[in-house]
Amino acid sequence: VKEAVERSVDLVLLSGDIVDRRNCYFESYMPLQTGIDRLAKNGITTIAVAGNHDFNVLPKLTKKIDGEYFRLLGIGGVWEEFEFRCGSETLGLTGWSFPQSRVEISPLDSFPDTSSSCDYHIAMVHGDLNVTGSKYAPLSLRKMEELERHNWLLGHVHKPELKSIKHDRWVLYPGSPQA
């Protein structure tokens with residue numbers, strides 16, 4: 001939060017496992033709300049997807065956070081689009097959140113056609129990249145390559161990792177402080 005404010009960013013993206021279900025609501029609500037409120041007071045919007053650790057907690061927490069500067073995408077495992085305008089450019093964000101702690105089918109199988117009017121596209125999803133048979137939303141890099149317009153922000157792997165794919169697009173696991 002401090003760095004985002006210092007850098008005067010427009011948008012913060014969270015790719016899940018922000019809250020661990022073991023410390024759930026009471027330990028997590030105030031720090032999350034305080035952080036998002038501080039970002040909002042500085043004109044910074046936060047967009048998130050829920051992961052396997054916070055699938056049931058994050059939707060509850062977000063109901064009490066000001067929706068003007070915070071948005072949880074893809075609640076219930078249904079892809080959702082959101083357009084973010086910054087000056088004359090538009091960023092299309094498409095997100096999918098875990099509906100329960102384990103999902104054995106790939107969310108990519110239901111990826112929607114997205115707006116072609118946006119200047120940039122980022123898809124946000126929490127899952128296991130190239131782990132066949134994973135119980136945590138298995139994702140295929142090959143399938144992501146087929147979706148030519150999108151860059152990908154992934155959650156689940158807690159170690160940062162950047163992958164290049166075709167069409168000058170990227171796939172990023174930003175890592176997480178929740179190890």
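## Burial classes and asparagine 130

A residue counts as buried under 20% relative accessible area, as exposed over 50%, and as partly exposed in between. Asparagine 130 has a relative accessible area of 48%, so it is partly exposed. This is a predicted model, and asparagine 130 sits in its loop between strand 7 (128–129) and strand 8 (138–139). The backbone there carries a positive phi, near 55 degrees, in a residue other than glycine.

Histidine 156 offers a second case. Its phi is near 120 degrees, again a positive value in a residue other than glycine. Histidine 156 lies in the loop between strand 9 and strand 10. Is histidine 156 buried or exposed? Its relative accessible area is 17%, so histidine 156 is buried.

## Overall build

The protein has four helices and 11 strands. Its radius of gyration is 15 Å, close to the 16 Å that the globule rule gives for 179 residues, so the protein is as compact as a globular protein of that length. Along the principal axes, the C-alpha atoms fill a box of roughly 40 × 40 × 25 Å.

Buried residues account for 47% of the 179 residues. The protein exposes about 9600 Å², and carbon and sulfur atoms supply 49% of that area. Contacts reach far along the chain: among those between residues at least 6 apart in sequence, 63% join residues at least 24 apart.

## The six-stranded sheet

Six strands build an open sheet. Their order is 4-5-6-9-11-10, and the pairing is mixed. Strand 4 (80–86) and strand 10 (161–165) are the edges, and each pairs on one side only. From one strand to the next, the twist averages 20 degrees.

At one edge, strand 4 pairs with strand 5 (residues 89–96). The sense is antiparallel, over seven bridges. Phenylalanine 82 has leucine 93 of strand 5 as its bridge partner.

## Histidine 121

Strand 6 (residues 120–126) holds histidine 121. With a relative accessible area of 4%, histidine 121 is buried. Which residues does histidine 121 touch, not counting residues up to four places away in sequence? They are Leu91, Gly92, Thr114, Ser115, Arg149, His150 and Asn151.

## Aromatic pairs

The whole structure contains four aromatic pairs. One of them joins tryptophan 79 and tryptophan 152. The geometry is edge-to-face: 6.5 Å centre to centre, with 80 degrees between the planes. Tryptophan 79 lies in the loop between strand 3 (70–72) and strand 4, and tryptophan 152 lies in strand 9 (residues 151–155), so the pair ties together parts that are 73 residues apart in sequence. Both tryptophan 79 and tryptophan 152 are buried. Together with Phe111, Trp79 and Trp152 form one aromatic cluster.

Tryptophan 96 and phenylalanine 98 form another edge-to-face pair. Their centres are 5.4 Å apart, and the planes meet at 65 degrees. Tryptophan 96 has 3% relative accessibility, so tryptophan 96 counts as buried. Phenylalanine 98 counts as buried too, at 2% relative accessibility.

Conventions. Residues numbered from 1 in each chain as written. Predicted model: local features only at pLDDT ≥ 70, side-chain atom pairs only at ≥ 80, totals over all residues. Heavy atoms only, no water. Pairing = 2+ DSSP bridges. Helix = DSSP H or I, 4+ residues; strand = E, 2+ residues; numbered from the N terminus. Axes fitted to C-alpha atoms, helices over the stretch in contact; angles between N-to-C directions. Buried < 20%, exposed > 50% of the residue type's maximum accessible area, 1.4 Å probe, protein only. Contact = heavy atoms within 4.5 Å. Phe/Tyr/Trp six-rings, centres within 6.5 Å; stacked < 30°, edge-to-face > 60°. Rg over C-alpha atoms; globule rule 2.2 N^0.38 Å. Areas by Shrake-Rupley, 256 points an atom, 1.4 Å probe, with all protein chains shown as cover.
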